[in-house]
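Colleague: I should like to go through this model with you, one question at a time. Please give the reasoning before each answer.

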Amino acid sequence: MDFVQGPKIGAAIPHQSAVASLSYHEDGKHLFAAADKKLYLIDAQDGKCDKPAFRCEQVGISSVSSTHHDHCVLFTGTAREHRNIHYWSLYDNKILRKFRGHTDAITNLSMSPSDDMFLTASKDRTVRLWNVQQAGGLAKMDLPTDTDGTPHTIFDSTGMVFAVMAQMRGGQGNYIHLYDVRNFAGGAFSEMKVEASTIQQAMQTQRVTTSPANQPITWKTMDFNPSGNRILIEADPGITIVLDGYNGTVQRIFQSKEGKTTSACFTPDDQSVLVANDSGKVDCWNIQSGTVVKTLEGHLGPVGQVKCNPKYAQIASSCTNTLLWIW
């Protein structure tokens, strides 16, 4: 993506509340935006949302993920439904299947890019593997006793590998284990250990500071770049970490100059990281140089979500509006 020549705002889609989750369909033609108890189906090609928002009043929507079907999504609910996943057909506005098993709130959802399997992680300290075509889970993984907090899980871009992240006891760092989808019962084929002292040392080297100083670094989310050789970590207090995807070494640490980081993603060309913040801006960081090459401005409030279109040169970012950035 050439940030010297762009992008510019191509469309703005208003919502009645802040967007909690964004998900592009794999064909790049549709964008799903969840805001409060509504789901917006946005045509990413013409920048319009012609249909009224789909309502989910009783369940609510905390996160949404596109599937391989054009008009079917997976979503996690709020309140009493925060432990369940729903498979929703927007074509006829019906819940096709509900997936039960978690005993506490689901914190993240990852759809396989290659088939109908998906992963969930929960505050009940388990990671579960499912298939949208069948009721009941395929597998369950319990976090070991030498970990704290809530796990996070994600598929890589091939769908052949998934990662599970967990915090070490006492805030000493984090584990990232990689699993082969075809043989996950055999255990992780790669076990990375990223100590908190390593992150602190990298922050000093790259002149990244937190306020107050020496504040504990808490990892929140994780994602692979399209090539699978880097891992992106969003962490409190407001930093974004780029790790080597094979050995876990720290390559870059980004921190917004204005506001606190709220969302981040890799660009499809693997060259940049987009970092949204609560000051209403999106910084475009070049991974190789470690510098901001462009700052996207146009939001009226904190930017809570940012995603890249998987097929076209387009970026989506959301506050209480969703902006589509085009070249």
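Colleague: How many aromatic pairs does the count come to in this predicted model?

Modeller: The structure is a predicted model. Rings of Phe, Tyr and Trp pair if their centres lie within 6.5 Å. By this rule, the number of aromatic pairs is nine.

Colleague: Phe162 and Tyr179 form one such pair; is it stacked, edge-to-face or tilted?

Modeller: A pair of aromatic rings is described by the distance of the centres and the angle of the planes. For Phe162 and Tyr179 the centres are 5.2 Å apart, and the planes form an angle of 15°. Planes under 30 degrees apart fall in one class, so the pair of Phe162 and Tyr179 is stacked.

Colleague: How many residues apart in sequence are the parts that this pair ties together?

Modeller: Phe162 belongs to strand β15, residues 161–168, and Tyr179 to strand β16, residues 173–180. Both Phe162 and Tyr179 are buried. Because the two rings sit in these two strands, the pair ties together parts whose separation in sequence is 17 residues.

Colleague: Which residues are linked into a cluster by ring pairs?

Modeller: Pairing again rests on ring centres within 6.5 Å. Ring pairs of this kind join the cluster of Phe54, Phe75 and Trp88.

Colleague: Is Lys260 buried, partly exposed or exposed?

Modeller: Lys260 is placed in the loop between β21 (250–254) and β22 (261–266). Leaving aside residues up to four places away in sequence, Lys260 touches Asp236, Pro237, Gly238, Ala276, Asn277 and Asp278. Its relative accessible area is 39%; buried would need under 20% and exposed over 50%, so Lys260 is partly exposed.

Colleague: Ser256 is found in the loop between β21 and β22; is Ser256 buried or exposed?

Modeller: Ser256 touches Thr261, Val275, Asn277 and Asp283, residues up to four places away in sequence not being counted. The C-alpha atoms of Ser256 and Thr240, 16 residues apart in sequence, are 8.9 Å apart in space. The relative accessibility of Ser256 is 7%, and the limit is under 20%, so Ser256 counts as buried.

Colleague: What distance separates the C-alpha atoms of Ile106 and Glu81?

Modeller: Ile106 has its place in strand β10, residues 106–111, and is buried with a relative accessible area of 10%. Beyond four places in sequence, the residues that Ile106 touches include His82, Arg83, Asn84 and Ile85. Glu81 is 25 residues from Ile106 along the chain, and the separation of their C-alpha atoms is 9.5 Å.

Colleague: What radius of gyration does the protein have, and does it agree or disagree with a compact globule?

Modeller: The protein has one helix and 28 strands, and its C-alpha atoms fill a box of roughly 55 × 50 × 30 Å along the principal axes. For 327 residues, a compact globule would have a radius of gyration near 20 Å. The value for the protein agrees with this: 19 Å.

Colleague: What percentage of the residues in the protein is buried?

Modeller: The accessible surface of the protein comes to about 14,700 Å², and carbon and sulfur atoms hold 45% of that surface. A residue counts as buried under 20% relative accessible area. Among the 327 residues, the buried share is 52%.

Colleague: How far apart are the mean positions of the positive and negative charges?

Modeller: The protein carries 30 positive and 32 negative charges. The distance between the mean positions of these two sets is 4 Å.

Terms used: Residues numbered from 1 in each chain as written. Predicted model: local features only at pLDDT ≥ 70, side-chain atom pairs only at ≥ 80, totals over all residues. Heavy atoms only, no water. Helix = DSSP H or I, 4+ residues; strand = E, 2+ residues; numbered from the N terminus. Rg over C-alpha atoms; globule rule 2.2 N^0.38 Å. Buried < 20%, exposed > 50% of the residue type's maximum accessible area, 1.4 Å probe, protein only. Areas by Shrake-Rupley, 256 points an atom, 1.4 Å probe, with all protein chains shown as cover. Lys, Arg positive; Asp, Glu negative; His and termini not counted. Charge placed at Lys NZ, Arg CZ, Asp CG, Glu CD. Phe/Tyr/Trp six-rings, centres within 6.5 Å; stacked < 30°, edge-to-face > 60°. Contact = heavy atoms within 4.5 Å.
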